[in-house]
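Got the model open in your viewer? Grab the selection tool and follow along, one stop at a time.

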Amino acid sequence: MAMEFYPFQDIEEKWQKKWEEEGVFRAEEDKNASKFYCLEMFPYPSGNIHIGHVRNYAIGDVLARYKRMKGFNVLHPIGWDSFGLPAENAAIERGVHPAKWTGSNITKMKSQLKRLGFSYDWDREIATYKPEYYRWNQWIFLQMYKKGLAYKREADVNFCPGCNTVLANEQVENGGCWRCGTEVIQKSLSQWFLKITQYADELLEYLNRMPDWPDRVKTMQSNWIGKSTGVMVNFKFEGEDFPIFTTRPDTIFGVTFMAIAPEHPLVEKLIGGSDKKEELTVFVEKVKKDDRIKRSSEDYEKEGIFTGKYVINPLNSEKVPLYIANFVLMEYGTGAIMAVPAHDQRDFEFAKTYGLPIKIVIQNKAGSLDTNTMTEAFTDEGINVDSGPITGFPNMEGIEKITEYIEQNSLGKSSVNYRLKDWLISRQRYWGTPIPIIYCDKCGVVPVPEKDLPVILPEDVTFSQNENPLETSSSFINTKCPKCGEEARREKDTMDTFIDSSWYFERYCSPGAQSALFNREDAGYWMNVDQYIGGIEHAILHLLYARFFTKFLRDIGMVNVDEPFERLLTQGMVTKETHFCANDGYMYPAEITDDGKCSKCGENTEIGRIEKMSKSKKNVIDPDEIISKYGADTARLFILFASPPEKDLEWSENGVEGAFRFLNRVYRLFQPSVPFFESRIGKLDGYSKEALTNTGCTGLEKNILHIIFKTIKKVNEDIQVRFHLNTAIASIMEMVNYYYSLSIETVQEDEKTLLAYLFGLKTLIVLLSPFVPHIAEEIWQETGFNNYILQEPWPEHNEKLILQDYITLVVQVNGKLRAKMEIQRDLDEETVKNLSMQDERIIKYTGGKNIIKMIVVKNKLLNIVVK
């Protein structure tokens, strides 16, 4: 690399080594300082850090460094979410034990993270695959078991044949496995569940107490919990109760058909006794494969099949046909619904499709509704008609009255329903936490005594895609009953890996604790997490489970907080232009010929798709390559500057090169000033304090201080209040541009102006340091400061000097924008012209040329015409 580029490799290696050797980022409790717990979602050790990781962790690192400089006692830990199927698949495909594969990946990824200069306290590093961590997963399970929150039951479950394991509802995406994409099937198995539904009300209620969470995430969680208040009504099917849940009992006299979910337990009986057995079976199996979330969406095509059976409405004794329908979910209510086509749009569309009756039971104020002319369901408020005891009442009043009638006549009762179901945690795989349960023929289900924890994964297993490896280890399966001492069998399933990430943030408070999952005093000091950062894809699964676990740990006296995360940022994805061939799929740029054709088949390729980065789409960026070519600071700067944190970021090689050029500009900016720092470094502290209250300065000194304090305020607000790191960087870039417009020769003519100039340079590098810490530390040291820049207090601003009457003057040369200058308002034309001709940016475009004229638009514009 050419010599004019700053020596980033030497600089970055130097400061990373110093930070590590001196434990600069080590966190210790300090009762005299306000704490700040900053955390990014910990990574799965897949083998390589990808650019999405870099974005996530760079955002958190800026905040952690900023808060340290603001005087907070910062905890910024890191670890590894290291159980899961990829490690087990590696064992099957490559013959490498999951522990070895995982450990090797952690070593590599740890070195990558260190190369990026993140301010982690590595002394607190955890890895969830280690027994010293997962023993506490087992301990928490046992506490839940004691409280009746962990239980086992037979259930129809989502089963992935590819991974040979059960999936939670949340892990089925578009009918396929969230990990491997294999089509998910339904299977009846005896499974372990955690009773998250016991906390449903609190999980929902506390969303209203979390102002610093994105509304989008809170809405997603609220919808997933899905609380509904209504009535459970006992319809009748062949003489037996057929309960349904409804939030609209005011429409019950308008029921014209009933529908049940394909997963409903009655379906098997219906099919068995039907002369349409094959037709019903085909329909049911087809619908079961569809994504549940899509099935409940408004734009999903509604389909059903008549069972040949009827259900009796208990309110009017009418017999209505029973359908199996694709839009009915077993997870909601009882898995059966009453359908009122006149007053529900989904039911209306279904009735029109299948020629079913439509019966009006809520009339509009004009009394004009007619089933012969209706083109859509009437869902507004109105008056109940043909509705027995509530006929003539406004329907909103009718809801309460019909509910009372149903309860008084023992036809049903008021009920609250939740979409949220208990968390299925059983997994038929090896690489996870063993469930601490023993089965004894004499004693039944026996929990493993706490003194015998951890139940450790065995080594003597055979890895296979078609069999749970734990079943192949007789030394693990065969054991003694803790109660009676007789022969017994261990539970062969392991826990869902989301268990691991449901409390890891609390373990960071005291990762070395041996007698408890963490020390209560440590958790009392550090919890809750002040800022949590991660992807929106975790809005339902991880974040909901983590909230559940924290509430449980609170209830057993382990923590004293209600919620784990005070403030949440969900960062956007990193996307990149892709190359696509219709015959050969996604392609690397190197596989494209110079004339845009596929090098394999010779056909034209499609270039320009913007896709989320992934190996399968051949558009991944290796951070190591960027670091080797441009340095870690460049990678950090680009990824922080290119987009607001919450928005998607489009990768750009030109953008990376631009960030690198900017850092070189910063490095060059300081070189001529080093001698001035050396002779005045002792004066700068005094001048800095004076500048904070100074209102009597004039001329260039005043202008420089205005820029300094304006930038301090903007950067401070962008990080602290708005979290707009990209605009914070932009304001620093503007300050750099301003400094390049100044002449060191002019500045040094006045001592106070020179001190203001040096104070601004010192401030500039402090403001930059959270974003690009390596180059900032190097310049800080070169200019004569002895402490780490991280130990320097964050600068304050002088509001009075910001509020001085300044404007931004646009300067054009021959009509093209060449500079923007901060100048005092209402300056006369001659002063404006003279100031512009001192700006190096303008000199660059006017030097050696004849100035024909200079046109000043007061307080707005200067256009210089040259020839």
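Select Ser410 to begin. In this predicted model, Ser410 counts as exposed, because its relative accessibility is 63% and the exposed class takes anything over 50%. Zoom out a little and you'll see that Ser410 sits in the loop that runs between helix 12 (395-408) and strand 18 (412-418). Now check the backbone: phi is near 55° at Ser410, which is a positive value in a residue other than glycine.

Next, jump to Asn859. Here too phi is positive in a residue other than glycine, this time near 65°. The loop to look at is the one between strand 34 (851-857) and strand 35 (861-866), and Asn859 lies in it. Is Asn859 buried or exposed, or something in between? Its relative accessibility is 24%, so Asn859 counts as partly exposed; that class covers the range between the 20% and 50% cut-offs.

Time for some peptide bonds. Select Leu453 and Pro454 and display omega: the bond from Leu453 to Pro454 is cis, with omega near 5°. Pro454 has its place in the loop between strand 22 (444-447) and helix 13 (474-477).

Then move along to Met527 and Asn528. The peptide bond that links Met527 to Asn528 is cis as well, with omega near 5°. There's no proline on the far side of this one; the residue after Met527 is Asn528. You'll find Asn528 in the loop between helix 15 (520-526) and strand 26 (529-535).

Last stop: the empty space inside. Rolling a probe the size of a water molecule over the atoms shows where such space is left. How many cavities of 30 Å³ or more does a search of the whole structure find? The search comes up with three. Go to the largest cavity, which holds about 170 Å³ of space. To centre your view on it, select Leu85, Thr165, Arg179, Arg427 and Thr497, the closest to its centre of the 19 residues that line it.

Now colour by secondary structure. Helix 3 (85-94), strand 6 (165-167) and strand 25 (494-495) are the elements that give two or more residues to this lining. Which element gives the most? Strand 6 does, with three residues.

For a final look, recolour the lining of the largest cavity by residue class. You should get eight nonpolar, six polar and five charged residues.

Note on methods
Residues are numbered from 1 along each chain as its sequence is written. This is a predicted model: local features need pLDDT of at least 70, side-chain atom pairs count only at pLDDT 80 or more; totals for chains, interfaces and linings use all residues. Side-chain values use heavy atoms; hydrogens and water are left out. On a 1 Å grid over the protein atoms alone, a cavity is a set of points where a 1.4 Å probe fits but cannot get out, and a pocket is an open set with protein on both sides within 12 Å along at least five of seven lines; lining residues have an atom within 4 Å of a point. Grid points are joined across faces, edges and corners, and a volume is the space filled by probe spheres set on the points. Helices (H or I, at least four residues) and strands (E, at least two) are DSSP runs, numbered from the N terminus. Ala, Val, Leu, Ile, Met, Phe, Trp, Tyr, Cys and Pro count as nonpolar, Asp, Glu, Lys and Arg as charged, and the others, Gly among them, as polar. Buried means under 20% relative accessible area, exposed over 50%, partly exposed in between (1.4 Å probe, protein chains only).
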